[in-house]
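Biologist: Please take a close look at one part of this model, the patch of positive charge on the surface. Which residues gather there, and which strands supply them?

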Amino acid sequence: MVAAAIVVAAGATLVDVVAVRAGRQAAEWRKHLADELATRPVDDVWMFTGAAVAAAVGIWLIALALTPGLRHWLPLRSPAECPARLRASLDRDGAAALLRDAAMRVPGVSAAHVRVRRHRIKTRADVRFRDPKRVKADLAAVLHEEREQLALTRTPRLVVRVRRRNA
């Protein structure tokens with residue numbers, strides 16, 4: 001909300017500056033604001049209040065930028081019988097571990113690396129035996145089934161890559 005207000009104020013100011021550069025008169029609100037800022041003393045109560053509000057908003061925005069938030073969590077679907085306000089999330093590393101364990105159960109896979117993001121699940125698997133195309137098909141089916149078992153709100157796209165590794 002603060003960013004939207006800043007964008008609107010900056011846009012209005014930019015439009016007025018462009019209009020002045022094009023030869024028109026400055027907007028009345030900008031003349032009034034410039035006059036108030038030029039004539040008020042720095043130790044005025046309104047100047048202190050405006051500076052305090054600007055500093056508080058700046059500190060709040062910096063704190064929001066530095067806090068991690070919920071980006072490392074994937075929201076889960078709630079069952080139909082649960083109240084709407086009930087929310088649950090799954091850690092991305094936990095989801096990756098579940099999918100990696102499922103990938104390791106596929107015959108022919110000797111190693112698997114799974115990376116879970118909000119919109120995509122990337123899986124790389126090493127194949128020691130069996131045809132890599134068949135292993136990829138089996139792996140995609142197993143991972144698709146396991147992804148559905150996670151019950152994520154937004155189902156990420158599944159990307160599966162296999163490569164042959166000789167012993």
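Modeller: What follows describes the patch and then two buried residues elsewhere in the chain.

The model is predicted. In it, Arg 115, Arg 117, Arg 120, Lys 122, Arg 124, Lys 136, Arg 157 and Arg 161 gather on the surface as a patch of positive charge. Two strands, β4 (120–127) and β5 (157–164), each supply at least two of these residues. The largest share is that of β4, with 3 residues. Arg 157 belongs to strand β5. Its relative accessibility is 49%, so Arg 157 counts as partly exposed, a class that ends at 50%.

One residue of the patch, Arg 117, is also among the contacts of Leu 74. Leu 74 lies in strand β1, which covers residues 73–75. Leu 74 is buried because its relative accessible area, 5%, is under 20%. Beyond its neighbours within four places in sequence, Leu 74 is in contact with Ala 88, Ser 89, Leu 90, Arg 92, Ala 95, Val 116, Arg 117, Arg 118 and Leu 152. The C-alpha atom of Leu 74 is separated by 40 Å from that of Leu 14, which is 60 residues away along the chain.

Glu 146 carries a negative charge and sits in helix α5, residues 132–150. With a relative accessible area of 18%, Glu 146 falls under the 20% limit and is therefore buried. Residues up to four places away in sequence aside, Glu 146 touches Leu 98, Leu 99, Ala 102 and Arg 105.

Methods:
Residues are numbered from 1 along each chain as its sequence is written. This is a predicted model: local features need pLDDT of at least 70, side-chain atom pairs count only at pLDDT 80 or more; totals for chains, interfaces and linings use all residues. Side-chain values use heavy atoms; hydrogens and water are left out. Patches are made of residues with over 30% relative accessible area and no salt bridge: like charges are joined within 9 Å, nonpolar side chains (Val, Leu, Ile, Met, Phe, Trp, Tyr) within 5 Å. Accessible areas come from the Shrake-Rupley method with a 1.4 Å probe; for residues, only the protein chains shown count as cover. A salt bridge is a side-chain nitrogen of Lys or Arg within 4 Å of a carboxyl oxygen of Asp or Glu. The place of a charge is taken as NZ of Lys, CZ of Arg, CG of Asp or CD of Glu. Helices (H or I, at least four residues) and strands (E, at least two) are DSSP runs, numbered from the N terminus. Buried means under 20% relative accessible area, exposed over 50%, partly exposed in between (1.4 Å probe, protein chains only). Contact means heavy atoms within 4.5 Å.
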